[in-house]
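Work through the following exercises with the sequence and the model open. Each task is followed by a solution in steps.

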Amino acid sequence: MAEREYNFTEIEKKWQKQWDSEEVFTSEVDDDREKYYLLEMFPYPSGRIHMGHVRNYTIGDLMARYWRMRGYNVLHPMGWDSFGLPAENAAIKNNIPPKKWTEENIEHMREQFKKLGFSYDWNREIATHTKEYYRWNQYVFGKMFEKGLAYKKKAPVNWCETCNTVLANEQVENGLCWRCETQVNQKELSQWFYKITDYADDLLKGTETLKEGWPERVLTMQKNWIGRSTGLEIIFKLETGEDFPIFTTRPDTVYGVTFMVIAPEHPFLDRVTDPKVREYIENARAQSLVDRVSEEKEKEGMDTGLKVINPFNGERVPLYVGNFVLMEYGTGAIMAVPAHDTRDFAFAKKYGIPIKIVIDNPDEPLDVATMPDAYVEKGVCVNSGPFDGVDNVTAMEKISDHAEKEGFARRKVQYRIRDWLISRQRYWGCPIPVVYCEKCGAMPVPEDQLPVELPTEVDFHGDSRSPMVTMDEFINTTCPKCGGAATRETDTMDTFVDSSWYFAKFTSPKSKEIFDFDEVDYWMPVDQYIGGIEHAVLHLLYARFYTRVLNDLGLVKCREPFKKLLTQGMVIKDGAKMSKSKGNVVDPDEIISMYGADTVRLFMLFASPPDKDLDWSEKGVEGCFRFVNRVWRILQKYSELYTPSYSFDGVTLEGDLKKLRSELHRTVMVVTRDIAERMQYNTAIARMMELVNALYQLDEKLAQSEKGRLVISELFEKLVLMLAPFVPHVADEMWEMLGNSGMLIDHTWPDYLEELTVKDEIEVVFQVNGKIRSKAMVAADMGKDDLEKMALADERVKDFTDGKDIKKVIVVPGKLVNVVAV
């Protein structure tokens, strides 16, 4: 048979067309099969996919295809996180309607995904900018409003001038906007919030159930963001007699308070009239919230002139206003103990505030005059009234008991996490379904009037203001309660709301209700979720919260959305993450046109473990292309030897054929484990490459023998099946070339015989003083004594030990013998 050239363009088009026409990736509920819901984080439709997309979705596609071949009923959907600032900014810049820009981008990216052969069930495609989707954002908002989980309040917020919108704390990175990297300032606005703090303890406890399936790093980041702390709320007093509560996790240091600090937004400061203090307060309020709590930023403050009385010892201490105290955390004020807190120590030194030791070092007594920094270790209480001499750990409980008994304090649990600010002053997002009536106040839009549709014919006036604020036809409406005149909310929802439940909507995207409950109960939760580590706090925490809300509303049965999480690494080129600004972007379409989609997929899986960063290398791509061609050529060379009805019953193999068949079964075992258990796809590919090398080394006459045909038949069958999730187009083509029918995704993953995975012989290295000097093939079960004798008898070992005194011989059975000679 004449050898066919590997024409990847022709092969890939052929199989993509066939997969599409036969809808082979369609998924349906099947109660007789175990489900496997595989999902990658859906993309923003920016217009073109990049190599980061290719890597993420190739990993997911491998897993989806593998688990389907293992007999699971796989759901593998795709959609679009299609609301957001880029579409709006493009509309302002190019005078293109955001809807048109977005939908054209979706069309283009969908075709790019199809070119890569991803096994998506496109019948379940969703886009968050469609009213069929966002009406359910509004529905859930209404339910949350009814339960007090959605509320509006005036609050200091992070404001990005460039994006002209509010940012959640999680969206400010190093004082800059997460999207445009503009400096973020603080502003006070009336905003809508979701009460995620009601779920703080539940979210924290839930991390324990995720330990088996989530990276420890992600869970740690979430725990730190939730920030649960136990302590004491103590009622200090202003000189006027008013209560001045603070929260502390260190009641053992309360006798060492030498000043207090209050947040610039605290209402107590309204009584301060000193012009200099008022100016400082206004300046501090204008700073971004993230800058104010940053460890890198210097802590600043000013004495307000007010005094606060410590209920434990009656001491009067000055009250400072400080930029590092937030109204949103605790009571908006803190007690400061400079002797035992590093931040307070630096502040006290800066402003000349007294420092009082109340926990001493029992081994080396402290001296305020010589202390280089705060003492934060364990110790013994001093200058602490009745608690002197008590170790400070015990004192925490004793002081708390005393304060509660006296009635001026109570034990309390506090959280770092703040409620989720969902208001955005931008156009391209889901309208918040609220109307304002002078008589009835803020009213949620009734369910039968949903969705509140986002106007699509808009004028941006050439700037970043939302066009809705000037659209009377959108703003003016009637109150759903009294029927009087009312106005609509013009803010839209944070786009993280859209992505906080899309995974559940994929189960029944065409349902006329929020879900088809047979579908959502069958498919949820997601069995394997894949996405970047950058979403550890933002998206993943919001999704966990939103799923709990849906569960409490009786809409889903699970409380955790994702059983397992894989955070893939970035694609790096020239030492940096690929980005247009760095000029190091590689266009996937260009590489596909040169090498084919299968080669691109293979490189993405081979170049690095999935959770590590991947260094882009065109030489690496060429290497993967050569491997695909090697498989293609050897299969054609021996294809006429293949028979699908091979049997080894009564057949005894010897020599190279026995070794090759054992190598095949070991390869199936390793590849299976690397995919299903270790998620190390690079080593799985390396193992298949070794198998192909072994096949190339087989003597042709031996291959063409009767027993050789059996081994070749089994090897081709299992190898092509193993390659199917990695390089699906060429694998289906090779399967067909062998005379088989059907698509590989519907075939069963290859099995292996345990007894054939045990090596009869293994390679052992012989070292002299730690350096390899020789190697030998030995019986796999050869003992220590025999290995030592064999090593000492080896001619190369003799050469390097001649004339030397052998001090000892270290034997590691199955691996090495090291002769120590001097």
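Buried means under 20% relative accessible area, exposed means over 50%, and partly exposed lies in between (1.4 Å probe, protein chains only). The model is predicted: local features need pLDDT of at least 70, side-chain atom pairs count only at pLDDT 80 or more, and totals for chains, interfaces and linings use all residues. Residues are numbered from 1 along each chain as its sequence is written, and side-chain values use heavy atoms, with hydrogens and water left out.

**Exercise 1. Find what the stacked pair of W80 and F113 ties together.**

Step 1. Apply the ring rule: rings of Phe, Tyr and Trp (its six-membered ring) pair if their centres lie within 6.5 Å, and planes under 30 degrees apart count as stacked, over 60 as edge-to-face and the rest as tilted. The count by this rule is 53 aromatic pairs.

Step 2. The ring centres of W80 and F113 are 5.8 Å apart and the planes meet at 15°, so this pair is stacked.

Step 3. Locate both residues, taking helices (H or I, at least four residues) and strands (E, at least two) as DSSP runs numbered from the N terminus. W80 sits in the loop between β2 (73-75) and α3, and F113 in helix α4 (residues 98-115), so the pair ties together parts 33 residues apart in sequence.

Step 4. Check burial. W80 has a relative accessible area of 0%, so it is buried; F113, at 1%, is buried too.

**Exercise 2. Treat Y529 and F562 in the same way.**

Step 1. Y529 and F562 are stacked, with 3.9 Å from centre to centre and 10° between the planes.

Step 2. Y529 belongs to strand β24 (residues 526-532) and F562 to strand β25 (residues 562-568), so parts 33 residues apart in sequence are tied together by the pair. Both Y529 and F562 are buried.

**Exercise 3. Which residues have the most contacts inside the largest nonpolar core?**

Step 1. Define the core as a set of buried Ala, Val, Leu, Ile, Met, Phe, Trp, Tyr and Cys residues joined through side-chain atoms within 4.5 Å.

Step 2. The largest such core has 100 residues, and W616 and F726 have the most contacts inside it.

Step 3. List partners, with contact meaning heavy atoms within 4.5 Å. Leaving aside neighbours within four places in sequence, W616 is in contact with residues including M51, V571, K573, F603 and V621.

Step 4. A second, separate core holds 89 residues, among them V140, I417, F506 and L555.

**Exercise 4. Where do the cis peptide bonds at P451 and P525 lie?**

Step 1. The bond from L450 to P451 is cis, with omega near 5°. P451 is placed in the loop between β20 and α12.

Step 2. M524 and P525 are also joined by a cis peptide bond, with omega about 0°. P525 lies in the loop between α15 (517-523) and β24.

**Exercise 5. Is D574 buried or exposed, and what is the sign of its phi?**

Step 1. D574 has a positive phi of about 55° although it is not a glycine. Most residues other than glycine have a negative phi.

Step 2. D574 is in the loop between β26 (571-573) and β27 (576-577). Its relative accessibility is 66%, so D574 counts as exposed.

Step 3. For N383, phi is near 50°, again positive in a residue other than glycine. N383 counts as partly exposed because its relative accessibility is 44%.
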